[in-house]
Amino acid sequence: MKTSELTGAALDWAVAKCEGYEIVRMRGNEITFLDRTEDGALSERHINYSTDWAQGGSIIERIGITIEYAADPEKWCACIMADQEVYGQTPLIAAMRCYVASKLGDEVEIPDELNKEK
């Protein structure tokens, strides 16, 4: 699938892959991954990078993704050091697509379960 077309659970899945998380469950729009707590224990967490600023925002800050409103009234533009420029309907969608494109390229193989979301 084209990175520029990723949305919802498929986009969140791709971001989690970039973050190096092991996906443990996919049910519709809900994805759970394994994470380690500060004391080293494993825990399951839900991911919503493309809709939750607490999750996606930390990536934007860490990577240095720039977001601006584009000329098209329904689009936002995100870029990483002028190397990658990607658009989306919201700032988070644009930024997460940009992050995925910078790590995985313009095409991403996503699980069949997420291909059916469209």
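How many positive and how many negative side chains does the protein chain have, and how far apart do the centres of the two sets lie? The tally comes to 12 positive and 22 negative side chains, with 4 Å between the centres of the two sets. All of this is read off a predicted model.

As for the fold, the protein chain is built from four helices and six strands. Walking along the sequence, the order of these elements is α-β-β-β-α-β-β-β-α-α.

On overall dimensions, the C-alpha atoms take up a box of roughly 45 × 35 × 20 Å along the principal axes. The radius of gyration is 14 Å, which agrees with the value near 13 Å for a compact globule of 118 residues. Turning to contacts, 46% of those with a separation of 6 or more are between residues 24 or more positions apart.

What about the surface? Out of 118 residues, 40% count as buried. The protein chain exposes about 6,800 Å², and carbon and sulfur atoms supply 47% of that area.

Then there are the cysteines. Searching the whole structure turns up zero disulfides. C77 takes part in none, and its nearest cysteine sulfur, belonging to C79, sits 5.7 Å away. Why is there no bond from C79 to C77? The sulfur of C77 is the closest cysteine sulfur to that of C79, but at 5.7 Å it is too far for a bond, given that a disulfide needs the two sulfur atoms within 2.5 Å. C77 also counts as buried, because its relative accessibility is just 6%, and the cut-off for buried is under 20%.

Methods. Residues numbered from 1 in each chain as written. Predicted model: local features only at pLDDT ≥ 70, side-chain atom pairs only at ≥ 80, totals over all residues. Heavy atoms only, no water. Helix = DSSP H or I, 4+ residues; strand = E, 2+ residues; numbered from the N terminus. Rg over C-alpha atoms; globule rule 2.2 N^0.38 Å. Buried < 20%, exposed > 50% of the residue type's maximum accessible area, 1.4 Å probe, protein only. Contact = heavy atoms within 4.5 Å. Areas by Shrake-Rupley, 256 points an atom, 1.4 Å probe, with all protein chains shown as cover. Lys, Arg positive; Asp, Glu negative; His and termini not counted. Charge placed at Lys NZ, Arg CZ, Asp CG, Glu CD.
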